[in-house]
Amino acid sequence: MPATTPTPVHRTAGADARLHWWALALPALAFALLLLLLAGSGEVRATAAETAPLLQFSEQGLRVAG
């Protein structure tokens with residue numbers, strides 16, 4: 001009977017585990033975008049005259065779609 005060799009066991013956790021590039025990039029990008037939204041929110045001042053065309057456009061789109 002021939003001798004069989006054991007199947008090698010690969011460890012995926014521990015000190016030699018590697019992260020994909022996006023595993024660090026995506027949370028960092030999300031954090032930066034949220035920080036920019038929070039930092040820039042104090043500078044935005046919308047008036048009624050500026051929002052009226054946007055509301056009219058959305059109402060017309062809803063009428064056409066519905």
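Reader: What does the protein chain expose, and what supplies it?

Author: About 6800 Å² is exposed by the protein chain, and carbon and sulfur atoms supply 69% of that. Keep in mind that this is a predicted model. Buried residues come to 0% of the 66 residues in the chain.

Reader: And how many helices and strands are there?

Author: Two helices and zero strands.

Reader: OK, Trp21. Why is Trp21 called exposed?

Author: Exposed takes over 50% relative accessible area. Trp21 has 68%, so Trp21 is exposed. You'll find Trp21 in helix α1, which covers residues 21-40.

Reader: Which residues make the nonpolar surface patch?

Author: Trp21 is one of them, together with Trp22, Leu26, Leu29, Leu33 and Leu36. The patch amounts to about 730 Å².

Reader: What makes Arg63 and Glu59 a salt bridge?

Author: Side chains of opposite charge can pair when their charged atoms come close. The cut-off here is a nitrogen of Lys or Arg within 4 Å of a carboxyl oxygen of Asp or Glu. For Arg63 and Glu59 the closest N and O atoms are 3.8 Å apart, so the pair counts as a salt bridge. By this rule the count comes to one salt bridge.

Reader: Where do Arg63 and Glu59 lie?

Author: Both are in helix α2, residues 48-65, and they sit four residues apart, about one turn of the helix.

Reader: Is Arg63 buried or exposed, and why?

Author: Arg63 has 61% relative accessibility, and the bar is over 50%, so Arg63 counts as exposed.

Reader: Then why is Glu59 called partly exposed?

Author: Buried means under 20% and exposed means over 50%, with partly exposed in between. Glu59 has a relative accessible area of 42%, so Glu59 is partly exposed.

Notes:
Residues numbered from 1 in each chain as written. Predicted model: local features only at pLDDT ≥ 70, side-chain atom pairs only at ≥ 80, totals over all residues. Heavy atoms only, no water. Patch = residues over 30% accessible without salt bridge, like charges linked within 9 Å, V, L, I, M, F, W, Y side chains within 5 Å. Areas by Shrake-Rupley, 256 points an atom, 1.4 Å probe, with all protein chains shown as cover. Salt bridge = Lys/Arg side-chain N within 4 Å of Asp/Glu carboxyl O. Buried < 20%, exposed > 50% of the residue type's maximum accessible area, 1.4 Å probe, protein only.
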